[in-house]
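Please look over the sequence and the model shown here, with attention to strand pairing and to how nonpolar side chains are grouped.

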Amino acid sequence: MEILVLNGPNLGFLGQRQPEVYGSAGMDALPALVEKMLGEHARQIRLTLFQSNSEGGLIDRLEDAWKAGMDGIVFNAGAYTHTSLALADCLAWIKIPCVEVHLSNVHARQSSMRHTSLIARHCIGAIAGFGIMSYALAVQALWQRLDQP
Ligand code: DQA
C-alpha cells in the first residue's frame with residue numbers, strides 16, 4: 001500500500017516551529033509510530049513524505065500520486081486548508097482516498113479562519129489535535145479503509 005504523506009506551507013521545520021502549538025516531534029518520528037500502532041501490518045505500507053511551501057508544488061505532487069496510482073494520501077495542507085480552492089479542486093478529481101490532518105486542534109484555535117476547511121469535503125475524514133500522532137492515526141485509518149473496505 002502506497003501512501004503519500006503530504007505537508008503544506010510552513011511544515012518543513014516541524015519540531016522547531018512553535019513547538020508549544022505544533023509539538024516537538026519531527027516527521028522522522030512517524031515511521032516508528034506507525035510501526036507501534038500497526039505492528040507487522042506496517043510492513044505492507046510504504047510511506048512517501050513530501051513537503052512544499054507552494055500551492056502549485058502540492059498540486060503537482062498530488063497529480064504525480066494519481067499518475068503513479070498511489071493508494072492513499074495523508075494531507076496537512078497547513079494554512080492552505082482554509083483558503084485553497086485549487087487544492088480542493090485537485091482532490092475532487094484525483095479521487096485518491098485522503099485524510100486531512102492537523103497537528104493542532106484547529107477547531108479550538110482562536111482564529112475562526114482555522115475552523116473552516118475547503119478540502120474537507122474531498123477527504124474521507126479528518127484528524128486534528130494530536131501532534132505527529134495525527135499522521136499515524138490517519139495512516140491507520142487509511143490502512144483499515146483500504147485493506148478492509
Ligand atoms: C495546521 C493548522 C493550520 O491552521 C496552520 O496554518 C498550519 C498548521 C496544523 O497542523 O495544526 O500551518 O495545519
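The briefing below takes up the strands and then the nonpolar cores.

This is a predicted model, in which local features need pLDDT of at least 70 and side-chain atom pairs count only at pLDDT 80 or more, while totals for chains, interfaces and linings use all residues. Residues are numbered from 1 along each chain as its sequence is written, and side-chain values use heavy atoms, with hydrogens and water left out.

**Strand 1 and its partners**

- Strand 1 (residues 2-7) is largely enclosed by the rest of the structure, because 5 of its 6 residues are buried, where buried means under 20% relative accessible area with a 1.4 Å probe and protein chains only; strands are DSSP runs of E of at least two residues, and helices are runs of H or I of at least four, both numbered from the N terminus.
- Strand 1 pairs in the parallel sense with strand 2 (residues 46-51) over 6 bridges, pairing being assigned if DSSP finds at least two bridges between two strands, and Leu-4 has Thr-48 of strand 2 as its bridge partner.
- Strand 3 (residues 72-76) also pairs with strand 1 in the parallel sense, over 5 bridges, and there Gly-72 stands opposite Ile-3.

**Nonpolar cores**

- The largest nonpolar core (buried Ala, Val, Leu, Ile, Met, Phe, Trp, Tyr and Cys residues joined through side-chain atoms within 4.5 Å) has 24 residues, of which Leu-14, Val-74 and Tyr-135 touch the most other members.
- Two or more residues of this core come from each of strand 1, helix 2 (30-38), strand 4 (98-102) and helix 5 (133-147), with helix 5 giving the largest share, 6 residues.
- Apart from this core lies another, of 20 residues, including Leu-6 and Leu-87.

Conventions:
Buried < 20%, exposed > 50% of the residue type's maximum accessible area, 1.4 Å probe, protein only.
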